[in-house]
Amino acid sequence: MKKKCLYLGTDPRSHETDCEIVHVPFIEIVPRDFDSFEIKHQFDDILEYTHFILTSKNAVKVFFDALEYYKIDPGFLSTMPVLAIGAVTSSELNKYHITHQTVAKEATQEGVMELLETLDLENAYLFYPRSAKSRPTLSFYLRLRGIRHQICDLYDTKSKLLSELPDLDLFHEVVFTSPTTVKAFFSFFTKMPPELELKAIGPITRHALNKQLI
């Protein structure tokens, strides 16, 4: 019998494993109200921004949904610097024909900060759409450096209510894609099979998982 992998994130298509992937999303992405004054005001300035920072594939999806909602032609991005946090985010941008990207070597906010250190940002105006639960590290960095920017809390990442929990005895491994998936999983499970392998994607998720296992 082929080993099974329980994938807790929103989209398993980019995950590579020899196991059969069973997708049970423990989180959901909930866009905020695009009619809210704050978000509308930030998108009113869309043509004023000089750089765009996208730090997840979900941020990419909701950002382009917002552009469509406001009837903004995304073609203007063809001449704009677009910074992607890593390969998965970059791949999502490719789906929207945004191929002129600069991708951070490390897929973390710290990796984006290292990338920003290499750029001339003296007259820059950065736009950073994100989850409202994003770590504050990058936003602190932008303020500390005095870089003009707008941070747009564009969506919420929430634990999903599940009508039925998966049977962990059927799985060889569980894949966590964010600290939110870690929190959601351990809100449902306190005991698990000793042979079950717990895998975290990225150092931030790994840190959140290790804290749960202490």
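**Close-up 1. Isoleucine 53 and leucine 83 link two neighbouring strands.** In this predicted model, leucine 83 in β5 is the bridge partner of isoleucine 53. The two strands involved here are β4, covering residues 51-54, and β5, covering residues 82-84. They run parallel and are joined by three bridges. As a general reminder, strands of a sheet pair through backbone hydrogen bonds, and the pairing can be parallel or antiparallel.

**Close-up 2. Six strands make up an open sheet.** Stepping back from β4 and β5, you can follow the strands in the order β3-β8-β7-β4-β5-β6. The pairing in this sheet is mixed. At the edges sit β3 (27-31) and β6 (101-103), each of which pairs on one side only. From one strand to the next, the twist averages 25°.

**Close-up 3. Helix α2 lies across part of the sheet.** Here α2 crosses over four strands: β3, β4, β7 (126-131) and β8 (149-159). Relative to β8, the helix runs at about 115°.

**Close-up 4. Helix α2 meets helix α3.** Now look at α2 (residues 57-69) together with α3 (residues 87-95), whose axes come within 8 Å. The axes cross at roughly 25°, and angles under 35 degrees count as roughly parallel, so that is how α2 and α3 are described. On the α2 side, the residues to look for are Lys57, Val60, Lys61 and Phe64. They meet Val88, Thr89, Glu92 and Leu93 in α3. Sorted by class, this contact has four nonpolar residues, one polar residue and three charged residues.

**Close-up 5. Helix α6 meets helix α7.** The second helix pair brings together α6 (179-188) and α7 (residues 203-213). Their axes come within 8 Å and cross at roughly 25°, so α6 and α7 are roughly parallel to each other. Pro179, Val182 and Phe186 are the α6 residues in this contact. Across from them, α7 contributes Ile204, Thr205, Ala208, Leu209, Gln212 and Leu213. By class, the contact has seven nonpolar residues, two polar ones and no charged ones.

**Close-up 6. Serine 178 sits in a loop before α6.** You will find serine 178 in the loop between β9 (173-176) and α6 (179-188). Is this serine 178 buried or exposed? Its relative accessibility is 16%, and buried means under 20%, so serine 178 counts as buried. Apart from neighbours within four places in sequence, serine 178 is in contact with Ile27 and Thr205. Thr205 also appears in the previous view, among the α7 residues that meet α6.

Methods
Residues numbered from 1 in each chain as written. Predicted model: local features only at pLDDT ≥ 70, side-chain atom pairs only at ≥ 80, totals over all residues. Heavy atoms only, no water. Buried < 20%, exposed > 50% of the residue type's maximum accessible area, 1.4 Å probe, protein only. Contact = heavy atoms within 4.5 Å. Axes fitted to C-alpha atoms, helices over the stretch in contact; angles between N-to-C directions. Parallel < 35°, antiparallel > 145°, perpendicular 65-115°, else oblique. Nonpolar A, V, L, I, M, F, W, Y, C, P; charged D, E, K, R; others polar. Pairing = 2+ DSSP bridges.
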